[in-house]
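Please take a moment with the sequence and the three-dimensional view before reading on. The paragraphs below lead from the bound ligands outwards to a few helices and loops.

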Amino acid sequence: MRGAQGGPAPGISPSRRLLARLRDVMAGSGTIQSRLDKIVKLIAAEMVAEVCSCYVMRPGDVLELFATIGLNPEAVHRTRLRVGEGLVGEIALTARPLAIANAPSHPNFAYRPETGEDPYQSLVGVPILRGGKVRGVLVIQNAKRRNYSEEEVETLQTIAMVVAELVAGRDTGEQGQIATGSTGGILPTRLGGLTINPGLAQGLAVLHQSQLTIRQMVADDPNEELARFNAAVDTMHASLDQLLETTAASGVEEGRDILETYLMFARDRGWLGRIHEAINAGLTAEAAVQRVQNDMRARMAHLTDPYIRERLYDFDDLTNRLLLHLSGKVSAADSGTLPDDVVLVARSIGPAELLDYDRRRLRALILEDGSATSHVAIVARALDIPVVGRVSEAMSLIEPLDPVIVDGDHGQVFVRPAEDIQELFQQNVELRARRRQEYAELARLPPESRDGVRISLNINAGLLVDIPHLESTGADGVGLFRTEIPFMVRTNFPDVASQTEFYAKVLDHAGERPVHFRTLDVGGDKKLPYLDAQDQENPALGWRAIRIGLDRPAMLRAQLRALIRAAAGRELRVMFPMVASVAEFDAARRLLDMELERARRDGFPLPRDLRVGVMLEVPALLWQLPQLLPRIDFLSVGSNDLAQYLFAADRGNPKVARRYDPLSPPMLNMLRTLVRDCDAAGVPVSLCGEMASRPLEAMALVGVGFRSLSMTPGAFGAVKTMIRRLEVGPLARYVDTLCGSAEASVRERLKFYAMDHGVPV
Ligand code: PEP
Ligand code: MG
């Protein structure tokens, strides 16, 4: 389609001709400024307009006139409009094109005398979009009053897509010249989020199911592009059909419904039609797919309706699939081109998907969604990588291969970090390495306080990779083994044989150290794809954990059978989660007894020693201790859930996450009474919620009487160091006084106590 001199052939559409010329400017040398200057000139000439201007988004959501032909050159870099101010600001605010024949009479018109724009009557402007964000505004103006055609608006939109590449300017060598501030871009940026797993790491961003970087925006031959696009759509449809078939064959109704909706979108004529139009206008197939997605994201970004947002995610996923099919590439996890240090960025990701990535390269995880108690967080903890969640729009603000520092301790992320941050990071990494060395030496020393009180320290686990931590930390055992994690990384329910094999391996690896297996704790946020738990209005208060186990006894019995077989003559410790009444414990215990009886009958060796306990997570159980304690061999406090039910505050909801402090009189009082009751009944009590993983909280727990804690392995060194510097007697007396306080939190008081007594927390 190119003419004899390399220019476009005569007779082709204006948009394509203009794009071909633009491509030459884009590919040419020069600063961003000089290229933008050429581009506005070119657009004005081709679109027969007296004025063409390019506004670029600056930090603080300000649009700066960056290049113009037709307006007063003096106004360049001087004229600035807030988002929402004037017609240009309106286009940026709504992220929609605007075409007006009589601009000065428009209610939003803002007259800027320095631009000399008074003679111009008509205006058409479009947002410059990239990654679903507004990066600037492209405008043309005419002196004579005129109505712009739809085709002209479309052409300008297509051009804006190409200009967006220049404005985002990643390969221009002028990084820092154009800042896009809060709307993302090329300057160092700090993004705030929620600590999901502490730690500090650095690497290059890999976007999970990332949109591929599009190298060529303007097509050489649109017919060829159309053919490529149609072929990619066919392969995508075929692969989705196949996925649907296999899902249907496995009898997973929910999965089938989702896929069917998905397929409906994939065949959406409007969507495919818009992509065709963009290709006809001169974009490559990839750029056209991206262009249509940009429009959709910009239009829907401000909508908060969760249903619509989910649909937007569906289209995002389809876009990614299409781009993958177009490139003939495989997904990020299997790409074989992962950098050595991967900082994975995802909207949300399942535990199985996370494990698809090469663990040796994974350094950190950034999530747009996510909560500390989600299972991917627990898996990430097992992999010992920092995780920051609730980083809004991380997927659009971080670009593939951006250098990123993840500060899990403070729930923050530095994208394209400046030198001083990098230096600070380096110092911190060295400090941590020294500390790790100290902790490793500490593994041989007993977790004993200065006044000789021995505290049993244990680790929480859920995967086989956790078990070696027993050795490296010197822990007494596994205080909580979350059995649901291996269930969650599968696509179907594991049978008794595979469960048995897995639990046996855990026991083999743990050797003489005891492992407290918790039976399946699914439901709520912990979804199994193959368990139909329906959407529940209030999942945390809904059908979960032991409630499912008792309603579906075959499932719980299969697990208990596997645990008994795995123990085969060894010690077995089992605990039931979310028990709310003694009757529930009795019912669960009966199932266990039935399985013991069955094992005996079938000739399997019985466990040498069987200990059965409960997790204390539901407050109701606190008032049944006289009946419960004689029935159990041990009790483990799940402080994550217990605190959530005690304060009636969703543990995963950041709006209330910091409102109630577990270091407060009601929680400490309650725990103190519980420990005293357990001690009096001679029932060992431990705590395995996240509280035990934080040195200050762990200190308070020892203060109220706990002599056994179970924590995430990464916290072990810090907690043990704290204990070895502690005097338990005076601490307990001090904590007694705090239990009587009327304050909402005694955190600061405990901090001062630790400081005054030289206890590192
Ligand atoms: C808890 O609730 O404190 C607990 C340890 O269980 P999970 O976090 O797995 O719900
Ligand atoms: Mg729990």
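How far is an oxygen atom of ligand 1 from an N or O atom in the side chain of Glu617? The separation is 3.0 Å, which falls under the definition of a polar contact as a pair of N or O atoms within 3.5 Å, where within protein one atom must be able to donate a hydrogen and the other to accept it, and residues adjacent in sequence count only if both atoms are side-chain atoms. This is a predicted model, in which local features need pLDDT of at least 70 and side-chain atom pairs count only at pLDDT 80 or more, while totals for chains, interfaces and linings use all residues. Residues are numbered from 1 along each chain as its sequence is written, chains are lettered from A and ligands numbered from 1 in the order in which they are written, and side-chain values use heavy atoms, with hydrogens and water left out.

The backbone also takes part around ligand 1. A backbone N or O atom of Asn640 lies 2.7 Å from an oxygen atom of ligand 1, and a backbone N or O atom of Asp641 lies 3.0 Å from an oxygen atom of this ligand. The protein covers 100% of the 290 Å² of accessible area that ligand 1 has on its own, with accessible areas taken from the Shrake-Rupley method with a 1.4 Å probe and, for residues, only the protein chains shown counted as cover. Two elements, strand 16 (478-482) and helix 21 (639-647), give two or more residues to the shell around ligand 1; here helices (H or I, at least four residues) and strands (E, at least two) are DSSP runs, numbered from the N terminus. Helix 21 gives the most to this shell, with three residues.

There are 14 residues around ligand 1, and those that come nearest are Arg482, Arg518, Gly638, Asn640 and Arg651, where a residue is near a molecule or strand if one of its heavy atoms lies within 4 Å of it. By character, the shell around ligand 1 divides into three nonpolar, four polar and seven charged residues, on a scheme in which Ala, Val, Leu, Ile, Met, Phe, Trp, Tyr, Cys and Pro count as nonpolar, Asp, Glu, Lys and Arg as charged, and the others, Gly among them, as polar.

Glu617 and Asp641 appear again at the metal. The magnesium ion (ligand 2) is coordinated by Glu617 (OE) and Asp641 (OD), at 1.9 to 2.1 Å; donors are N, O and S atoms within 2.8 Å of the metal (3.2 Å for Na, K and Ca), and water is not among the atoms, so sites may look incomplete. The pair links distant parts of the chain, 24 residues apart, with Glu617 in the loop between strand 19 (609-616) and helix 20 (625-628) and Asp641 in helix 21. Glu617 counts as buried because its relative accessibility is 2%, the classes being buried under 20% relative accessible area, exposed over 50% and partly exposed in between (1.4 Å probe, protein chains only). Asp641 is likewise buried, with a relative accessible area of 2%.

Another acidic residue, Asp661, sits in the loop between helix 22 (654-657) and helix 23 (665-681), and is buried with a relative accessible area of 12%. A polar atom of the Asp661 side chain lies 2.9 Å from the backbone nitrogen of Leu663, and a polar contact of 2.8 Å joins the side chains of Asp661 and Ser745. Elsewhere, Arg112 is placed in the loop between strand 4 (98-100) and strand 5 (122-130) and counts as buried at 19% relative accessibility, while its side chain makes a polar contact of 2.8 Å with the side chain of Glu85.

The helices complete the tour. Helix 18 (residues 553-567) has 15 residues and reaches 21 Å from its first C-alpha to its last, close to the 21 Å expected at 1.5 Å a residue, the expected span being 1.5 Å times one less than the number of residues. Eleven of the 15 residues of helix 18 are buried, so this helix is largely enclosed by the rest of the structure; among them are Met555, Leu556 and Arg561. Just after helix 18, Ala568 takes a positive phi of about 30 degrees.

Helix 2 (residues 32-46) holds Ile43, which is buried with a relative accessible area of 0%. Ile43 and Ile69 are 26 residues apart in sequence and 9.5 Å apart in space, C-alpha to C-alpha. Helix 2 is followed by Val48, whose phi is positive, near 50 degrees.
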